[in-house]
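Here are some short exercises to work through at your own pace, each with a solution that goes step by step. Have the structure open beside you as you read.

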Amino acid sequence: MNKNTIISRLLQMVIVLIGISFLTFLLTYLSPGDPARNIFTHSGIMPTTEMIEEMRKTLGLDKPFLTQYTNWIANCLRGDFGQSFMLQKPVTELLLDRLWPTLKLTLASTILMLLFAVPLGVISAVHHNKPIDYLVRAVTFFGVSIPNFWFGLMLILVFCVKLRFLPVVSSGGDFKSLILPAVTLAVAMTAKYTRQVRTAVLEELHSDYVIGARARGVSENKILWGNVLPNSLLPLITMLGLSVGSLLGGTSVVEIIFSYPGLGNLAVSAIMSADYFLLQGYVLWVSVIYMMINLLVDISYNYVDPRLRLRR
């Protein structure tokens, strides 16, 4: 990917972000409830009509829709996403505080997944239609079918309630509180990625260059690890980019089950409290994360597969 292509992609990202920001603001604007009233009721105050009107003026909610939107965008460009009335803190500060625990959870679950998915996928492909292949496929089918919330609850029951090895509530600050959420996310990801690796490796094993290498007497291990696996990485990297973006956006169900203080847990709390300013900031953050990771994935293609550089 050359410089002009990257600039073009960045311009496309800006256009997409404008569209996402407009739709996000429009949906929160049309949502039932009044943010001004919510600020008082969340604090335990029964507001009068005059108090609500005064708060609406303070927040700029008495202005036309487009004026509110442009003011909000201008503030966002300065890094000001507003104030969360639920937690009485700036939205930017809240998102930054929750980003690090979510980043740790993302890295832990991704590393666990790669440690198991790549070897299992390769083994399954190499022993195609043999007992070990059938076993790996059966296990991955079971892993894909298990709902995250059920598996997480079973882990809590076994390791927290019965064995008492790990804490029930995850603080996000120590290693023990990270284990069960990471394992819960890694199991489903491992099952999905093992299947993907198996399919990609099988396709490469039947390629002409593999047949030619075998005819020249190149060892199977060298063919597999030196040629087949690197050429199978492109679809894996694409899926990995989407998965990491999803995890960094916050895995709400898992974080709620384990009371993990991540972005997903924060987003659910904002929805339950109708904290519109926090929701708007969260959606924009997740959108930027997704698009930046996809851009990095596209850039990495040129370094993983030299054939793409030769086509330019």
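A crossing of two helices is left-handed if the near helix is turned anticlockwise from the far one by less than a right angle, and right-handed if clockwise. Helices (H or I, at least four residues) and strands (E, at least two) are DSSP runs, numbered from the N terminus.

This is a predicted model, in which local features need pLDDT of at least 70, side-chain atom pairs count only at pLDDT 80 or more, and totals for chains, interfaces and linings use all residues. Residues are numbered from 1 along each chain as its sequence is written, and side-chain values use heavy atoms, with hydrogens and water left out.

**Exercise 1.** Describe how helices H2 and H3 pack, and give the handedness of their crossing.

Step 1: Locate H2 at residues 35-42 and H3 at residues 49-59.

Step 2: Their axes (lines fitted to C-alpha atoms over the stretch in contact, with angles from 0 to 180 degrees between N-to-C directions) lie 8 Å apart at an angle of about 115°.

Step 3: Seen this way, H2 and H3 cross in a right-handed sense.

Step 4: Contact (heavy atoms within 4.5 Å) involves Ala36, Arg37, Ile39 and Phe40 from H2, with Met51, Ile52, Met55, Arg56 and Leu59 from H3.

**Exercise 2.** Find which residues form salt bridges with Asp133.

Step 1: Apply the rule, a side-chain nitrogen of Lys or Arg within 4 Å of a carboxyl oxygen of Asp or Glu; the count is two salt bridges.

Step 2: One pairs Asp133 with Arg137, with the closest N and O atoms 3.4 Å apart. Both sit in helix H6 (residues 131-145), and because they are four residues apart, about one helical turn separates them.

Step 3: The other pairs Asp133 with Arg198, at 2.9 Å between the closest N and O atoms. Arg198 belongs to helix H8 (residues 176-205) and Asp133 to H6, so this pair ties together parts 65 residues apart in sequence.

Step 4: Shared partners join Asp133, Arg137 and Arg198 into one network.

**Exercise 3.** Are Asp133 and Arg198 buried or exposed?

Step 1: Buried means under 20% relative accessible area, exposed over 50%, and partly exposed in between (1.4 Å probe, protein chains only).

Step 2: Asp133, at 0%, is buried, and Arg198 counts as buried at 13%.

Step 3: For Arg137, the value is 32%, which makes this residue partly exposed.
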